[in-house]
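Thank you all for coming; I would like to take a few minutes to walk through one model with you. Please have the sequence and the structure open while I talk.

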Amino acid sequence: MRRLEAVIAAGLCAAAPGAAAQEIPYLSLSRSAPGASICAGGLCQPGTLTGFFQALADTEAGRRVAPVRVVQYGDSHTAGARVTGRVRAQLQGRFGYAVDGAAPGLMMSEVGVVGATLETFAGWPDRPELAGADLVILALGVNDGFEDGLDPGAWEALLRAQVQRLRGWGASVLILGAPDAQRTGAAGGCSADGRRAPPPSLAVVRDVQRRVAADMGVAFWDWHGRMGGDCSADRLAMQAEPFMRGDRVHFTSAGADWIGGVLTDDLLAAYDAWKAGGPR
């Protein structure tokens with residue numbers, strides 16, 4: 001547990017909005033059209049993000065003096081800080097960069113541990129300094145989806161408990177659905193060479209995430225659909241500028257930048273639609 005807390009703390013320090021690394025201009029590497037989604041605009045239950053949207057609106061209107069805080073918990077996709085780097089840069093480009101914890105603008109931190117599952121996340125200690133977050137993003141599920149013996153009922157119960165835990169912090173909650181990924185050695189797989197296919201449990205994880213989000217009233221982002229749907233991990237790895245690495249699980253820098261931009265575009269589109277609904 002001490003080692004895990006050290007890893008988590010290191011992740012927070014590396015991603016802290018006040019870190020010198022954030023002073024380096026962030027350049028978007030690639031832009032490409034997103035895939036179709038089961039959620040309108042890629043985001044299901046956008047209305048559950050009202051608290052987060054209100055914080056953004058107050059910042060834009062100059063009514064808010066404290067920063068808008070966003071925290072993402074996840075696995076290696078989060079640990080690399082490339083997907084969240086794009087989200088952070090784009091949001092700060094619109095709402096401002098909070099130089100310190102007492103100024104308006106936006107601050108985003110990520111806590112990512114390679115190989116993390118929902119079960120390991122359940123054992124991570126609560127961090128009181130993050131209790132004031134306006135948006136908490138839960139980006140787990142890929143590693144769970146590679147477990148052949150996954151118990152759907154037990155996993156759903158665990159997810160419900162963790163969503164309730166995050167809601168207890170008073171923040172808006174956004175679940176990132178598990179993206180497409182493939183394992184090697186699959187006979188008759190959907191990859192171009194026929195040797196790779198998504199593990200069966202991955203679709204189960206994704207379905208549970210979507211149903212739990214709808215039932216518990218939190219937002220859900222369709223990562224799988226937005227990256228191109230079934231077998232898109234192979235297609236993205238095979239294109240001229242690969243967006244996925246050869247393992248068909250992890251994104252390249254260009255791919256992470258792209259999918260992070262898609263996520264942010266979907267969030268901002270939902271925010272603008274919310275604002276257009278009436279005076280704030």
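I will begin with Ile38, which is exposed, its relative accessible area being 59%. What we are looking at is a predicted model, and everything I say should be taken with that in mind. Ile38 belongs to the loop that runs between α1, residues 2-15, and β1. Which residues does Ile38 touch, once its neighbours within four places in sequence are left aside? The contacts are Arg210, Phe220 and Asp222. With Asp222 in particular, the C-alpha atoms are separated by 7.0 Å, although Ile38 and Asp222 are 184 residues apart along the chain.

Let me turn to the interior. The largest nonpolar core comprises 41 residues, and those with the most contacts inside it are Leu174, Trp221, Met227 and Ile259. The element that gives the most to this core is α11, with 11 residues. If we take Leu174 and again set aside its neighbours within four places in sequence, we find it in contact with Leu43, Leu135, Val136, Ile137, Leu138, Ala219, Phe220, Trp221, Leu263 and Leu267. There is also a second, separate core, which has 35 residues and includes Leu166, Val173, Val212 and Ala213.

Helix α11 deserves a closer look. This helix covers residues 253-276, 24 residues in all, and from its first C-alpha to its last it reaches 34 Å, close to the 34 Å expected at 1.5 Å a residue. How many of the 24 residues of α11 are buried? The count is 17, so that the helix is, by the definition of buried as under 20% relative accessible area, mostly covered. As a general reminder, an α-helix has 3.6 residues a turn, so residues three or four places apart point the same way.

Just ahead of this helix comes Thr252, which is placed in the loop between α10, residues 232-238, and α11. Is Thr252 buried or exposed? With a relative accessible area of 19%, Thr252 is buried, because the cut-off for that class is under 20%. Beyond its neighbours within four places in sequence, Thr252 makes contact with Pro242, Phe243, Met244 and Arg245.

Now to the charged side chains, where the count comes to 17 salt bridges. I would like to follow one chain of pairs. Glu60 and Arg94 meet through their side chains in a salt bridge, at 3.0 Å from N to O. Since Glu60 lies in helix α2 and Arg94 in helix α4, the pair ties together parts that are 34 residues apart in sequence. Glu60 is partly exposed, with a relative accessible area of 35%, and Arg94 is likewise partly exposed, at 33%.

Glu60 also meets Lys275 in a salt bridge, again given as 3.0 Å from N to O. Here the link is between distant parts of the chain, with Lys275 in helix α11 and Glu60 in helix α2, 215 residues apart. Lys275, at 30% relative accessibility, counts as partly exposed.

Arg94, in turn, forms a salt bridge with Asp272, in which the closest N and O atoms are 2.8 Å apart. This pair, too, links distant parts of the chain, Asp272 being in helix α11 and Arg94 in helix α4, 178 residues apart. Asp272 counts as partly exposed, at 33% relative accessibility. Elsewhere in the list of charged residues, Glu156, Arg160, Asp207, Arg210, Arg211 and Asp215 are linked in a network of salt bridges; Arg210 is the residue I mentioned earlier as one of the contacts of Ile38.

Finally, two backbone points that you may wish to inspect. Gln45 has a phi near 55 degrees, a positive value in a residue other than glycine, and its place is in the loop between β1, residues 43-44, and α2, residues 50-60. At 25% relative accessibility, Gln45 counts as partly exposed. Ala81 has a phi near 60 degrees, which is also a positive value in a residue other than glycine, and Ala81 sits in the loop between α3, residues 76-79, and α4, residues 82-95. With a relative accessible area of 31%, Ala81 is partly exposed.

Key: Residues are numbered from 1 along each chain as its sequence is written. This is a predicted model: local features need pLDDT of at least 70, side-chain atom pairs count only at pLDDT 80 or more; totals for chains, interfaces and linings use all residues. Side-chain values use heavy atoms; hydrogens and water are left out. Helices (H or I, at least four residues) and strands (E, at least two) are DSSP runs, numbered from the N terminus. The expected span of a helix is 1.5 Å times one less than its number of residues. Buried means under 20% relative accessible area, exposed over 50%, partly exposed in between (1.4 Å probe, protein chains only). A nonpolar core is a set of buried Ala, Val, Leu, Ile, Met, Phe, Trp, Tyr and Cys residues joined through side-chain atoms within 4.5 Å. Contact means heavy atoms within 4.5 Å. A salt bridge is a side-chain nitrogen of Lys or Arg within 4 Å of a carboxyl oxygen of Asp or Glu.
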